[in-house]
Amino acid sequence: MTTLATWAQQVVDDPRHRRPAVHVPVAVADLGRHGTLGLGALAGTGTGTADGLVVFDRRCFRMLPDGAAAVADTADPVAFAVVSTFSPDLVVTVASVASVADLEARIAAVLPPRDFAVAVSVDGVFDEVRTEDGTTGTTVHRAVTGRLVGFRTPGPSGVRADLHLGFLDATRTRAGALAGFAGFSGRIELGFSTAPHLAVRALGAGFDDDRDVTRCDPE
């Protein structure tokens, strides 16, 4: 599986797909200017693994290693980010989804067979959600209401797609990169009419459009 960070770097670095980029550092405050939904990571300090970021409704949260969520500092530098102004083009209400593999199959079944990135929001009740803790373990969240946020990205040569999701609970106090889940019911929302915006610090590539002046709300 290609990670979301690797996919973003490949797209930004590919002249065939490159969109004009502003080559400036990107901070948390910039994320909400370019989308309402997204995933990313803070720039590392050399002291350990940097925290991931999840964006929803233009609010930006750090995904902490212990499975907690914290409002991200607007000045923190971002290593990479993929954000989209989310407006669902397809909505599917489901009574029971057993696992990530089941979710992937449900999404693939309703999308047209084309090679493009899709923003994903999965909102409802989970029997169990497992999030990565930044090392080799996972944090388990049981009987939780919340949302999975992320993207379905094209695989190499369009052969298969990869699903990248972060979890944010309804109270905005728990979050993490999704490792797995069991027993979901709710809504699957897919957006593909608005292309995602990409930023990759290692390539000096910032967001490509500075017209939307709405910023990520820290409150």
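**Two buried residues and the model's confidence**

Asp162 is a good place to enter this predicted model, and it belongs to strand S9, which covers residues 161-169. With a relative accessibility of 2%, Asp162 counts as buried, because the cut-off for that word is a relative accessible area under 20%.

What does Asp162 touch, once residues up to four places away in sequence are set aside? Its partners are Met1 and Thr2 together with Phe151, Arg152 and Thr153. With Thr2 there is also a closer detail to look at, since a polar atom of the side chain of Asp162 lies 3.3 Å from the backbone nitrogen of Thr2.

From there the reader can turn to His197, which lies in strand S11, a strand made of residues 197-200. His197 has a relative accessible area of 11% and is therefore buried as well. Although His197 and His34 are 163 residues apart along the chain, their C-alpha atoms are separated by 6.8 Å in the model.

How confident the predictor is must be kept in mind throughout. The average pLDDT of the chain is 85, and 84% of the residues score at least 70. Over residues 18-22, however, the pLDDT is below 50, and the model gives this stretch 16 contacts beyond near neighbours in sequence. Residues 209-219 form another such stretch, where pLDDT stays under 50 and the model has 28 contacts beyond four places in sequence.

Note on methods. Residues numbered from 1 in each chain as written. Predicted model: local features only at pLDDT ≥ 70, side-chain atom pairs only at ≥ 80, totals over all residues. Heavy atoms only, no water. Helix = DSSP H or I, 4+ residues; strand = E, 2+ residues; numbered from the N terminus. Buried < 20%, exposed > 50% of the residue type's maximum accessible area, 1.4 Å probe, protein only. Polar contact = N/O pair within 3.5 Å; in protein donor to acceptor, adjacent residues only side chain to side chain. Contact = heavy atoms within 4.5 Å. pLDDT = per-residue confidence, 0-100.
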